[in-house]
Each structure stands twice: as structure tokens, then as C-alpha cells.
Amino acid sequence: MSFQAYLDAIETKTGKTPQQLVDEAHGEDHAPERALGVTALDLFIPALSFVFGEAQLGGTAAVVSLHRLRAESYGLRPDPALLFERLVKEALHELGHTHGLVHCQSFDCVMRSSTYVEDIDQKPQLFCDSCWTRLPLAR
């Protein structure tokens, strides 16, 4: 999905342009509720040898690692467009966790679990309808 197609899909789901959503967020009288860190370091947790990202379920912070999202990690030539697409998917996924979303079983949902980088490539950059309706933006 191209970045423009992604923006169009957001507008279709919300009925608002991305700029309108940003303007609404800036108009609110509170600090940002979530923080997303992006690192080049390889991440892991005690139970897994690596993770693409990690978040506090229902919390305020998440982090995504570029390390295993890069094509070069698999002996391929650098692909900035693919890296950006993977980063967007993982950022949405981890921020979804901060909003209390758990892994989704729907094949067409960014909240589907990803064990391999190919899993990231196969899932969309959007939440399924079920997950979308549980996000504050959709309410």
C-alpha cells in the first residue's frame, strides 16, 4: 500500500482528512498520551531471541526496532520504501497495544502477530473493523 493509499484509507474510515485529525489533536488541552521510540538496536525479551517492537499493554510507551525490519539484515540490498512500510506497520501495531489491543486473529489487521518479517510484509497498514472500533480515534 502506498503512503497516499494509506492516508486515503484513514480518511475513509474516519470521515476526516489526516490534517483535520492532526488539527484536532493539537487543539486538545493536554500533552500527548503516547510515546513511540524508534531504535536501530536489536531488541529482545527474556522469552524471545528478538522482537520487532515492544509496548506496554494499555500503557503509554512503545518502541520499534529498525534492525530486523531492514532488508540488509537478510542479505538483501537496502530498500528504503520497504523499510518505511514495515516501520509504519510495526509502529501502528505497538501503539495499538498501548491502547489495550491484543493480537488479532484477522489476516487483514495490523494487530496480527508477526513472528517473521514476511508476516509484517503480508499484513496491511490498517486495523480491522473490530480493532478500529476499540481505538479512541474511532469513538
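How many aromatic pairs does a search of the whole structure find? Two, and we'll visit both on this tour.

Before you click anything, know that this is a predicted model, in which local features need pLDDT of at least 70, side-chain atom pairs count only at pLDDT 80 or more, and totals for chains, interfaces and linings use all residues. Residues are numbered from 1 along each chain as its sequence is written, and side-chain values use heavy atoms, with hydrogens and water left out.

**Stop 1: the whole chain**

Start with a cartoon view of the protein chain. You should find five helices and five strands; these are DSSP runs numbered from the N terminus, with helices being H or I of at least four residues and strands being E of at least two. Following the sequence, the pattern reads α-α-β-β-β-β-β-α-α-α.

Now switch on the surface. The accessible surface of the protein chain is about 8,400 Å², and carbon and sulfur atoms own 58% of that (areas come from the Shrake-Rupley method with a 1.4 Å probe; for residues, only the protein chains shown count as cover). Of the chain's 139 residues, 34% count as buried. Buried means under 20% relative accessible area, exposed over 50%, and partly exposed in between (1.4 Å probe, protein chains only).

**Stop 2: the strands**

Select residues 35-39 and 61-65. These are strands S1 and S5, which run parallel and are joined by five bridges; two strands pair if DSSP finds at least two bridges between them. Look for Leu36, which stands opposite Ala62 in S5.

Next add residues 53-55, strand S4. S4 pairs with S5 in the antiparallel sense over three bridges, and Gly53 has Val64 in S5 as its bridge partner. S4 and S5 form a hairpin with five residues between them, and Gly58 in the turn has a positive phi of about 75°.

There is another hairpin to select: residues 43-45 (S2) and 48-51 (S3), an antiparallel pair with two bridges. Two residues link S2 to S3 in this hairpin, and Ile45 has Leu48 in S3 as its bridge partner.

**Stop 3: the aromatic rings**

Show the side chains of Phe50 and Phe52. Their ring centres are 5.4 Å apart and their planes are at 80°, so this pair is edge-to-face. Rings of Phe, Tyr and Trp (its six-membered ring) pair if their centres lie within 6.5 Å; planes under 30 degrees apart count as stacked, over 60 as edge-to-face and the rest as tilted. Phe50 counts as partly exposed at 23% relative accessibility, while Phe52 is buried at 5%.

The other pair is Phe127 and Trp132, which is tilted, with 6.4 Å centre to centre and 40° between the planes. Both Phe127 and Trp132 are buried.

Back at Phe50, add Arg68: it lies over the face of the Phe50 ring, 4.1 Å from the ring centre. A charge sits over a ring if NZ of Lys or CZ of Arg is within 6 Å of the ring centre and within 35 degrees of the ring normal. Arg112 lies over the face of Phe107 in this way, at 4.3 Å from the ring centre.

**Stop 4: the cores**

Select Val88, Leu92, Leu101, Cys104, Cys109, Val110, Met111, Phe127, Cys128, Cys131, Trp132 and Leu135. These twelve residues are the largest nonpolar core. Helix H3 (80-98) and helix H5 (129-132) each supply at least two residues of this core. A nonpolar core is a set of buried Ala, Val, Leu, Ile, Met, Phe, Trp, Tyr and Cys residues joined through side-chain atoms within 4.5 Å.

Centre on Cys131. Not counting residues up to four places away in sequence, Cys131 touches Leu101, Cys104, Cys109 and Met111; contact means heavy atoms within 4.5 Å. Apart from this core lies another, of seven residues, including Phe52, Leu66, Val117 and Ile120.

**Stop 5: two residues of helix H3**

Is His97, in helix H3, buried or exposed? His97 counts as buried, at 11% relative accessibility. Leaving out residues up to four places away in sequence, its contacts include Ala55, Leu57, Gly58 and Met111.

Finish with Arg86, also in helix H3 and buried, with a relative accessible area of 6%. With the four-place rule again, Arg86 touches residues including Leu69, Val117, Ile120 and Asp121.
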